[in-house]
Amino acid sequence: MGLKFILRRAPIGLLLIFISCQKVPVTTSEDFYKSQLFKEVQLSDIFKDSKTFVDCIPKHHLDEVIKAYDNQQESDFDLKRFVTDNFDLPQTNRSNLLSETSQSMLDHVVELWPVLTQKPDVHNLNSSLIPLPYPYIVPGGRFREIYYWDSYFTQLGLMVSGEEEMTQDMVNNFSFLIDSLGFIPNGNRAYYLGRSQPPFFSLMVSLIASNNRDEFINYQQSMVDEYHFWMKGVDDLSLEHRAEARVVLMPDSSILNRYWDNYALPRPESFKADYQLVNQNNLSPEATYRHLRAGAESGWDFSSRWFKDHKNISTIHTTDIVPVDLNSLMYHLEVMIAQGYNWNGEVAKSKEYLIKADNRKKAILNYLWDDESNFFIDYDYLAQEPTGVLSLAGMYPLYFRLASKSQAKAVSRRIVDSFLKPGGFVSTLNTTEQQWDAPNGWAPLQWMTINGLYNYGYFEIGNSGAERWLARNREVYRATGKMMEKYNVVDTDSLAGGGEYDLQDGFGWTNGVALALDKILKDEQKVRSMTIKSNQ
């Protein structure tokens, strides 16, 4: 039996021991991101995208590079030449390799999986990459590493493609990160170690092991450990101290979660944008950087969801907000942990987590349902009122079957009247320059919305959204030969825009959702055809 096979099939615990005592070697420290060299490069025009420099690999140990920079005495010092001499540029996956063929969009997507595949990482002492032991799929473009919540939607398509082994490899990578770091970072980079992303790990476990008790239980401790990460600080809450890290004490003493980041510094991968926002608007550095990082943890970076005035990023206040999507995901995590304990015969612990889930459900319905708008909306816990921003995050309670039938009916009406556009469902009703607002639509939100509607019997609305989204995907594919990160769903003659970086192609979660939605529609068509034949 080969070593590769042993590593692929080894239990996570044994693998950690096998790889090294250090588990996950992380070499790029916050000290580098605070250095004058880093600041000068990121504020210069050497790289258009701040992420390029943090993905560069130093040719020498970083301490040596920083020392050489600090000791430079030349009056005509050339910063660009210094960077070129001391750093190797990152390599980008060429996701357009198949774009000039005449094949169908879905065939193109399937053939992209190998292009977007990363082999198990070899640790490079000077790289910001956190090495992972199993193969994985990257989104594409500037995103050269695994991303947490992206991966679930990518896995949906992998399963349709018969790539169950890759799906499990990716789940094992995330379990490895939880076991090693105590949580799943935004992506496997050192500069992401201050935050996570929306906790989809329990959905990934359900995807590969929902009917396999033994396999499900193998991931039980990882789910519990992730839960503890999100609930850290809960014992420190009080009426005088209502929020700590990612937990918030609500007025009725229930506990809900918020997005957060462990650091109050500019994001290294978006240093210039963060630095300029703070300094050009005379904002509080510590508070603003934390809000920006928390917005990045949400995955919605950025959206009017996080803005006090619903328009300008200078009013960002993410950590003041109790989000609908996060708390719905936490509910699912609690239910899955309870299921695992039940399957393992630990009945008392199972009941404990079922109670937690029930309490969270009550709090979600109490604080995140807005009677005035007949929609689920994020809650500003400091102002003690809904934020007023209607977004597709409001569909998560339907996806997890938390809504009552009357609530789901009201939500479905608003979805048809306000969110359903020619190219699918729009992310929010606010048109801004932010990429997670109108006129843009995103694959993960299409999936959550469509399946949330299906859960309550609104199949026609869901199918309409799915058909429009897939049609939009195909239109852009025919025009460009590529799958995109996001789409303009309002003006179907335009590509999506907004945000801190150019439109990216690849694209992991768009590919995954396209395959999964296509399968749903085709399966439904088969059922209809069989019904018609049986009635003839």
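In this predicted model, the charged end of R305 is placed over the ring of W300, at 4.5 Å from the ring centre. A second arrangement of this kind involves R246, which lies over the face of W230 at 5.7 Å from the centre of the ring. Both W300 and R305 also turn up among the contacts of S391, a residue found in the loop between strand 12 and helix 18 (396-399). Beyond its neighbours within four places in sequence, S391 is in contact with F375, F419, S427 and T428 as well as with that tryptophan and arginine. With a relative accessible area of 2%, S391 is buried.

Strand 12, which precedes the loop of S391, belongs to an open sheet of three strands in the order 8-11-12, with antiparallel pairing. Strand 8 (321-322) and strand 12 (385-386) stand at the edges of this sheet; each has a single partner strand, so one side of each is left without a neighbour in the sheet. Strand 8 pairs with strand 11 (residues 379-380) in the antiparallel sense, and two bridges connect them. Within this pairing, V322 has Y379 of strand 11 as its bridge partner.

The stretch leading up to strand 8 is worth a visit too. T318 sits in the loop between helix 15 (285-297) and strand 8. How accessible is T318? Its relative accessibility is 0%, so T318 counts as buried. The side chain of T318 reaches the backbone oxygen of H291 at 2.8 Å. H291 is also listed among the residues that T318 touches, together with A294, G295 and W306, when residues up to four places away in sequence are not counted. T318 and F307 are eleven residues apart in sequence, and their C-alpha atoms are 7.5 Å apart in space.

Another open sheet of three strands has the order 5-6-7, again with antiparallel pairing. Here strand 5 (243-244) and strand 7 (255-257) are the edge strands, and each has a single partner, so one side of each lacks a neighbour in the sheet. Strand 6 (residues 247-249) and strand 7 run antiparallel and are joined by three bridges. One of the residue pairs in this arrangement is V247 with its bridge partner N257 in strand 7.

Further along the chain, N488 is part of strand 16 (residues 487-488). N488 is buried, with a relative accessible area of 7%. At 2.8 Å, the side chain of N488 reaches the backbone nitrogen of D491. Leaving out residues up to four places away in sequence, N488 touches P439, N440, R472, S494, L495 and A496.

Aromatic rings offer one more way to look around the model. A search of the whole structure finds 45 aromatic pairs. One of them brings together F32 and Y33, whose ring centres are 5.7 Å apart and whose planes meet at 55 degrees, so the pair is tilted. Both F32 and Y33 are buried.

As for confidence, the chain has an average pLDDT of 92, and 91% of the residues score at least 70. Over residues 1-22, pLDDT stays under 50. For this stretch the model has 27 contacts beyond four places in sequence.

Definitions and conventions: Residues numbered from 1 in each chain as written. Predicted model: local features only at pLDDT ≥ 70, side-chain atom pairs only at ≥ 80, totals over all residues. Heavy atoms only, no water. Pairing = 2+ DSSP bridges. Helix = DSSP H or I, 4+ residues; strand = E, 2+ residues; numbered from the N terminus. Buried < 20%, exposed > 50% of the residue type's maximum accessible area, 1.4 Å probe, protein only. Contact = heavy atoms within 4.5 Å. Phe/Tyr/Trp six-rings, centres within 6.5 Å; stacked < 30°, edge-to-face > 60°. Lys NZ or Arg CZ within 6 Å of the ring centre and 35° of its normal. Polar contact = N/O pair within 3.5 Å; in protein donor to acceptor, adjacent residues only side chain to side chain. pLDDT = per-residue confidence, 0-100.
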